[in-house]
Amino acid sequence: MPLGQRLMRHKDAWSVFVTTVALLIYGVLQERVMTRGWGGGDSHEHFPHSAFLVLCNRLLTVLVLVVHMVACGHSCTLTAPVKSYCMVSASNMVSTLCQYEALKYVSFVTQTLAKTAKALPVVLWGTVYGGKRYKAEQYIHAVLIAAGCSVFVLGGDITSAVADRNSGTWWTYAMGMCLLLIYLATDGWTSTQQEHLFKAYSTSIQEQLLFTTTFSLLYSLVATVASGQLVPATQFLMRHPSAAWAVLALSAMSTIIQVCISHVLQQHGALVFALMMTTRQCVSVLLSSLLFNHALSMSQW
């Protein structure tokens with residue numbers, strides 16, 4: 001095998017490994033920040049500001065990209081239409097927001113397993129919008145994974161630890177499921193469009209990350225200010241410095257994940273990435289159950 005191909009395979013393997021580890025850490029931090037509460041006694045409170053979290057994630061990613069470009073003396077030329085980046089950024093922002101919001105209604109384990117069904121919307125978007133044709137076994141695989149997620153949902157309690165029990169179980173389930181469905185649809189669209197930008201316009205990873213994340217930063221800033229979360233979230237982090245460090249770590253993991261995911265999408269496409277993440281989700285479920293004592297029914301196992 002030529003040296004170039006061997007180096008590319010090693011790079012791909014490292015991208016998959018780093019992405020998997022970063023996503024595992026990201027999942028633990030996400031659950032800790034959104035569902036476990038901060039402070040003790042009368043000062044114990046939960047962090048409800050999901051739009052602010054998206055803002056922090058995108059802000060750190062943009063800062064890291066800009067610093068890297070300045071330090072390396074790189075320039076970034078816009079090769080794809082601005083509207084394409086706006087659309088990808090909007091769907092990415094919505095999917096991330098729904099991911100955080102869903103934790104207010106359903107457990108992290110449920111949210112994580114729902115992500116394994118990502119292959120189905122990726123296949124559907126690729127077929128309907130991209131005109132792609134996948135192998136029959138790829139369609140079957142995507143449907144079976146989605147069916148498995150449905151069995152899990154019907155097999156036991158999926159309610160979040162911070163859900164309002166007075167709102168009614170079915171209302172909580174319905175809200176959580178709606179948010180997860182929106183997440184899956186928009187996340188599948190995002191991956192498909194990112195793959196399209198790489199292939200149609202030969203965009204670089206740096207270009208796509210910078211412009212997509214910059215627009216997402218603007219969207220999340222508007223959402224944070226419009227929802228009145230900016231000041232309360234800042235005050236919360238000032239009251240609980242440990243929460244501020246957790247949010248910073250969460251944003252750092254998000255930055256690493258964005259870079260690695262872009263590489264995988266550029267080299268292998270959205271469907272390979274979606275299927276690659278299925279195994280990681282299973283590990284996340286086990287890790288979350290061990291760290292946060294989630295009880296699973298026999299049918300869910």
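1. Phe-108, which has its place in helix 4 (residues 108–115), counts as buried in this predicted model, because its relative accessibility is 3%, where buried means under 20% relative accessible area. Although Phe-108 and Gln-30 are 78 residues apart in sequence, their C-alpha atoms are 8.7 Å apart in space.

2. On the surface, a nonpolar patch is formed by Trp-14, Phe-17, Val-21 and Ile-25, and together these residues have about 410 Å² of accessible area. One of them, Val-21, is found in helix 1, which runs over residues 3–35. Val-21 should be described as partly exposed, because its relative accessible area is 33%, and that class lies between the limits of 20% for buried and 50% for exposed.

3. Turning to the interior, the count comes to four cavities of 30 Å³ or more, and the second largest cavity has a volume of about 60 Å³. The lining of the second largest cavity consists of Arg-58, Val-88, Asn-92, Thr-190, Gln-194, Leu-209, Thr-212, Thr-213, Ser-216 and Gln-258. Two or more of these lining residues are given by each of helix 3 (82–102), helix 7 (169–201) and helix 8 (205–226).

4. Which element provides the largest share of the lining of the second largest cavity? That share, four residues, comes from helix 8. As for the character of this lining, its residues divide into seven polar, two nonpolar and one charged.

Methods. Residues are numbered from 1 along each chain as its sequence is written. This is a predicted model: local features need pLDDT of at least 70, side-chain atom pairs count only at pLDDT 80 or more; totals for chains, interfaces and linings use all residues. Side-chain values use heavy atoms; hydrogens and water are left out. Patches are made of residues with over 30% relative accessible area and no salt bridge: like charges are joined within 9 Å, nonpolar side chains (Val, Leu, Ile, Met, Phe, Trp, Tyr) within 5 Å. Accessible areas come from the Shrake-Rupley method with a 1.4 Å probe; for residues, only the protein chains shown count as cover. A salt bridge is a side-chain nitrogen of Lys or Arg within 4 Å of a carboxyl oxygen of Asp or Glu. Buried means under 20% relative accessible area, exposed over 50%, partly exposed in between (1.4 Å probe, protein chains only). On a 1 Å grid over the protein atoms alone, a cavity is a set of points where a 1.4 Å probe fits but cannot get out, and a pocket is an open set with protein on both sides within 12 Å along at least five of seven lines; lining residues have an atom within 4 Å of a point. Grid points are joined across faces, edges and corners, and a volume is the space filled by probe spheres set on the points. Ala, Val, Leu, Ile, Met, Phe, Trp, Tyr, Cys and Pro count as nonpolar, Asp, Glu, Lys and Arg as charged, and the others, Gly among them, as polar.
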